Structures are given as C-alpha cells and as structure tokens.
Amino acid sequence: MTSEHSEPSEPSDPSLWVAVGPDDSDDELRRKASMVRPAPRQVAWQRQELVAFVHFGINTFTGLECGTGLDDLSLFDPAELDCRQWVRVLAEAGFRSVILTAKHHDGFVLWPSRYTGHSVAATPWRAGRGDVVRELADAAREFGLGLGVYLSPADLHQSNAPDGCYGNGSPAVASVIPTLVPGDDRADRVASGELPSFSCAVDDYNRYYLNQLYELLTEYGPVNEVWLDGADPTATKQNYDQDAWFGMVRALAPDATCAVGGPDVRWVGNESGYARYSEWSVVPLRGEPSAFGQTTAVAEEEHDLAGPGPMRRADYLKWYPAEVDVSIRPGWFHHASQDAAVKSLPRLMDLYRHSVGRNAVLLLNVPPDRRGLLPGPDVARLAEFGRVLREVYGHDLAAGARPHEHPPGNAVVVELPESRTFNVVGLSEDIARGQQVEAFAVDVRLEGTWTRVATGTTVGHRRLVSLPRPVTSDGVRVRVLDARAARPLVVSLYLDPTVPAPVVHGSFAEARDNTGISSDDAPRLADLDGTGMSLSAQALAAAGVVPGGRVAHGGLEFRWPDVAPGEPDNVRADGQTIRIGGSGSRIGFLLAGTADRSFGPGLATYTDGTQQEIPLLALDTLGEGDYPAAAQTVVSTPYHNRPAGRVDEPARVGWCAAPLDPARTLESITLPRYGEGASPEEPGVHIFAVAVG
Ligand code: FUL
C-alpha cells in the first residue's frame, strides 16, 4: 500500500481528520475533504469487499428474530454444528472474513463466558462444553478468513433477568478489566503481565461488557472487526461507555475495525443492500475528534450524508466508509419457512454492484439452521454467486490494454487491442490517497466517434457502472468532470450477464402493476406484496382520499389513482424505468412500504443524459421505527385485513421528495429494486403517485 502518511495513531492523528468551521467556504470544505486519509486498518477492511455475517443463537431455535432474554436454553442443540462447513462455503464464494453474532440482543452468548450463566454452557449442546466462537475461529484460521465479532450492546437478558445488570443504576466505580472471577484460570498470566489489564471507572453493565469483549479479543486469536449493533429493544436506559470499549479494542486488537457507531466503519443507513449513488468515505462529523463514538452531522440514514450541506454543519471531516448489511433471506436468523425465499443470483449480483460497486463493503448475512449447518438453498446460491463473481469480475476485459491519461488526472483513455463487448465499467481510486472524484462521464468509441454512455458521481475504492445494454468498442474514455484533487483512475471492463435488461414504461399510469387498495366489502381483492394487508378504500375515503382525487402535500399536488378496486393502483419499485417529463425543483412521491421500513435510491435521468439519485423512503406499514425527516406520513388510516394482533396499527401512506435541477428537463426515473416480490416478508415500496413541481 502506498500512503502519504506514516502509521497513524488514534484517534487524534491529524492526517485522519480535518477540522471545519462555519466560516469555511464550499471550496475550502472541498479542499479540506481532499486531505482526509484512511487509517491502514480501514484500507485493509475496504479491500476485502465481501464480508459474511452469521446470525446464529437461541433465536435459531425459538423461531424469533429478537429473543426475550429469558428464552429456554434447553432448546439450543445444533447437533450437527460444523463451522468448517460454514467457512468452506463462504471462502469458496469469495468472502474474506466472517462476523458471528457472539451475542445478539437476547443476551445469550455463544462462548462459555465467565461472566454469565446465559451461555452455551447452559445448553444441552455438547453437554454444555461447546464453544461456537472457538469452532468458528479455528475454521476461519484454517481457511484463511478473518474473524469478526458482533457483541450486541443492548442485552435483554441482563435487562430482564432478576440479577441482570443492564440499566441497574449502579454507579461507576474503579474497575480492572479483566475482573478476575474465583478460581480464574488467567490469574497468573494477568499477575505476570502476560495478559494486559485495564483500569477504568465503569458501572456494572459496562464492566460486564468490557469483560466479555476482553474474553473475545484475548482467547480466540486475531479479531479483525468488532461490530456493535445500534438497535436497542430493551426499553431500559443504560449508558454505553464507548470510549472505554473502543479504547480497549484499540489496545487489544489494533488492526481490528470498530464498526457501526465505532470510529472506523459506518452503517450505510439501510438494510436493503444499497449504498448511495454518491457514497463518500470522507464524512462530516460532529463533536470531538478525540472521542471514539462517532456522530454524523446528519442522520446516517440521510440520502445526502456527506455533501456540502452536511459539511457546513460539521465540526470535522473524517474517513468513515460504509458497510452494507443485508441478509440472503428475509430474516437475519434462519427460519425454515423462508427456505424458498433465499435471494436469487441476479438479486445477489445486483446487491454486489450496488454495494461493492458503490464504494462500500458488502456484509452479507447467511444464517445457519437448527442443525448448525448452512442450509442447502443458501449453500447452492453462494456457490453460484462465487462462480459468477469469478467468471465476470475476475476477467477484466481491459487487462493488457494500455491506459493513458490525457490530460493527467482529467481523463483516462483505454485503447483496446481489438473490439470487446462489455456492459459494466469499473473505476477505482487509490483510497490510501483519499477520495477525490466528484463527477465523471464514460465515453466509448463507436465507429471512430466518442459517444457518452454513462455519467456518475463518486468513485472511491470501486465504482461499477452498469450500461443499459452491452456495447462493443475498441476504446473507452473516462472523463473526470469534477474532482477535489487530481488522481489517477484505474479503469476496468466487464461483461456481466446478470445486469437486467431495462424495463421502460411510457408513463406512470402505464407502469402500475400492483393492487393495494381494497374495498372493505371485498377484503381479498387487493394486497401489498402478498402479505394479506391492504389499504382500505373506505378508510382512505374518510380521510378525503378518493379515486382520481387530488392530494396536496409539501407544496406538490398528486393525483390519486383513478381505478376500480382490484385494478392495479400502484407501482411496485423493482428497477423499472418510467418516462416522466417536466422540469421543476422537486420530485415527490406518495408511497407505502411493506414489512419493514424501506429505503432505496432511485435515479432521475435528465434529457441531457446526466443522472441524479432520488431517495425513496417508505414508512413501514407496521408503523415501527423512527424516520428521517424526509419521509412523512400523509394519510394514516386503520389498516384493512391486518394480520391478527396488529389490527390497531395504522396504515400509512407517506410522502418523500428529492430536489431536482430546475435548469434541466427530466426524462425518466428509474426505481430501486427491493425484495424479490415473491416473499411476503421482503420489504417492498409501492408508489401511488408522482409529482414534479
Ligand atoms: C439490527 C438488529 O436488530 C438485527 O437483529 C440484526 O442483527 C441487524 C444486523 O442489525 O439492528
């Protein structure tokens, strides 16, 4: 790796962050952003590209996605558990590391911790002598994969058990980590200094957490990623002493990245599998650069996380790259009922192009089943995924060609020895030297003339630009239209047969393909994603929303679909392109999500061929979660045909909008892809109306 800085120290190394202030001009902010560099551990992390996630625990046996903390541990008995099988499958598919839920929110721990009885030691599995972390660590070492640990900060067992310490109001007292227990087998090594000790003032739960982190980081060999999930289902107030946690990780595992809330790697902001169209690794942050816990200047779910707006609200800029976590199935844990809902190969390839191909790491979850094995459908799919990745992205069709820069830093021309057919153009910056490209255009030479076939914004570690259809050409030119600093770009070319052919509709009404509004008298006439839930026509009418009616929101006026019950009344977002002319400063959507909050970047294409991302944020129909300010409820009515037990929850039709460039004319929008559509549990987004104004 070439780097402009020597080994940085943490966290205040001046090459790793740059202070900004309210008086900085936009040019000054860009200049400062161009100076920010990654730490070596962040470069190594990003170059992995593919990291596997393994959700396994008591939930695998109870069928829950989130346990209670008081789950029956006698159910945990993965009689055929074989971590070598997991790792072999993952390694063959191209994954470079594997992150295990050593503890999920329920608090059950997959190793025999000295600090809780709520662990594998209390289960019938291997007569209470098993250790999943050890078996996985050994297998990962054997197959050359890195090991990561997910240690949920939220802990339902410690919150709900009578002797639990989560949120018990205990004072912070002087503590030593490891806190030795009676008969502790580490006592001599701690006394001799062979094992390090840490002094800190912490309350009971932070001490518990630090002691478990210490066990994981000192007993299983190298750990390369520590993943601290942000979700908290406990309803109990507990402060997390993140500086102590991350400080200890730095001391015990200096090469490990601290992900999600930690200083090295950020959550991309959704669980749908998409990085942003413009995904910056240089991110505006607030607070103290010397703190280990990071706060983004705007919510990490926001569409514009790192542009000039957020930069103006920041205290400092820092390298903070995105990780895209998504499951190969609807759930994070294995449920046999979802065996037929394993994501298809085209879908996995789509995720790859929108995560790795958008300057992020893909963290793909593959959950083992109750036997303790990765299930057949997932194993088969991963084998295909790995094979196609190797066949497609292991063959750079520009290899051997002589790229030349012309002029340096502004354009790269690749002269191919003969015509080649490709439909994906890969671009890379050397991230050790920061992230610089802000806008680029791709031209191919067709019959001797350069013709623009794509435009884009950020590049970073890797950008994969899919073309609507394969082109055959003997020359490719990439023009850098805007950059924070001039740097060489590496260009590669691929022929990816899984890039879907574009589906283009002439108008929004023509694109409607889904029924979601139902007369209460005919409840099964309509459905959102086969979930059996539908928007009630009567309830909507009571809220003033009638077929063909007009709905005004956020200064835009929408026309509600004018169709009979049971006729297609919405567009299910699935990668299709819809011609929508007009110009204005905004585009708005009336939409509903299913099953979960749904997020995904769509694209606006202007008549001049340039593109811009338009985020689609749909409220989930189950009414859970907090939403970024961009998504708001427009109509809230009782849901019709609710699943049992959820009848009181409102159906929500939401609104979201994105700015448009008023100087250009819109030609079409391309919607993001969500789940397969086949699974009731996959989130989907349904759009009822679009307005430009
Ligand atoms: C979420 C958790 O609540 C899920 O269970 C899962 O672990 C996912 C990766 O993160 O916040």
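**Group meeting talk: a walk through a predicted model**

Let me begin with helix α5, residues 132-143, whose twelve residues should span 16 Å at 1.5 Å a residue, and the C-alpha atoms at its two ends are indeed 16 Å apart, so the expected and computed lengths agree. I should say at once that everything I describe today comes from a predicted model.

Staying with α5, we can ask what happens at its ends. At the N-terminal end the helix is capped by D131, which has a side-chain oxygen 3.1 Å from the backbone nitrogen of V133. After the helix comes G144, and this glycine has a positive phi, near 75 degrees.

Which residues of α5 are buried? They are V132, V133, L136, A137, A139 and A140. In general, an α-helix has 3.6 residues a turn, so residues three or four places apart point the same way. The cover over the buried residues of α5 includes two helices and two strands, namely α4 (83-92) and α8 (204-219), together with β3 (97-103) and β4 (146-151).

Let me step back to the whole chain. It has 693 residues, of which 58% count as buried, and it contains 14 helices and 34 strands. If we take the contacts in the chain with a separation of 6 or more, 76% of them are accounted for by residues 24 or more positions apart. The accessible surface comes to about 25500 Å², and carbon and sulfur atoms hold 51% of it.

Now to the ligand. Around the ligand we find F53, H55, H104, H105, Y150, D229, A231, E271, D325 and W332, and this shell divides into four nonpolar, three polar and three charged residues. Which distances separate the ligand from polar side-chain atoms of H104 and Y150? For H104, a polar side-chain atom lies 2.7 Å from an oxygen atom of the ligand, while for Y150 the corresponding distance to a ligand oxygen is 2.8 Å. H105 takes part as well, with an N or O atom of its side chain 2.8 Å from an oxygen atom of the ligand. Taken alone, the ligand would expose 290 Å², and the protein buries 85% of that area.

From there I would like to turn to R37, which sits in the loop between α1 (26-35) and α2 (40-48). Is R37 buried or exposed? With a relative accessible area of 7%, R37 falls under the 20% cut-off and therefore counts as buried. Its side chain makes polar contacts with the backbone of α1 residues: a polar atom of the R37 side chain lies 2.8 Å from the backbone oxygen of S34, and the side chain also reaches the backbone oxygen of M35 at 3.1 Å. R37 also has a partner from far along the sequence, as its C-alpha atom is separated by 7.7 Å from that of I431, although the two residues are 394 positions apart in the chain.

Helix α1 itself has the buried residues L29, K32, A33 and S34, and these pack against β1 (17-19), β10 (282-286), α10 (308-312) and β12 (316-319).

Next, a few places where the backbone deserves a second look. Most residues other than glycine have a negative phi, and most peptide bonds are trans. Against that background, E49, in the loop between α2 and β2 (50-54), has a positive phi near 65 degrees. A127, in the loop between β3 and α5, likewise has a positive phi, of about 50 degrees, without being a glycine. Where their surroundings are concerned, E49 is buried, with a relative accessible area of 15%, whereas A127 counts as exposed because its relative accessibility, 55%, is over the 50% cut-off. There is also a cis peptide bond, joining I177 and P178 with omega at about 5 degrees, and P178 belongs to the loop between β5 (173-177) and α7 (187-192).

My last stop is N514, placed in the loop between α13 (508-511) and β22 (517-518). At 14% relative accessibility N514 counts as buried. Which residues does N514 touch, leaving aside those up to four places away in sequence? They are D527, P568, D569, N570, R572 and H686.

Conventions
Residues are numbered from 1 along each chain as its sequence is written. This is a predicted model: local features need pLDDT of at least 70, side-chain atom pairs count only at pLDDT 80 or more; totals for chains, interfaces and linings use all residues. Side-chain values use heavy atoms; hydrogens and water are left out. A residue is near a molecule or strand if one of its heavy atoms lies within 4 Å of it. A polar contact is a pair of N or O atoms within 3.5 Å; within protein, one must be able to donate a hydrogen and the other to accept it, and residues adjacent in sequence count only if both atoms are side-chain atoms. Accessible areas come from the Shrake-Rupley method with a 1.4 Å probe; for residues, only the protein chains shown count as cover. Ala, Val, Leu, Ile, Met, Phe, Trp, Tyr, Cys and Pro count as nonpolar, Asp, Glu, Lys and Arg as charged, and the others, Gly among them, as polar. Helices (H or I, at least four residues) and strands (E, at least two) are DSSP runs, numbered from the N terminus. The expected span of a helix is 1.5 Å times one less than its number of residues. Buried means under 20% relative accessible area, exposed over 50%, partly exposed in between (1.4 Å probe, protein chains only). Contact means heavy atoms within 4.5 Å.
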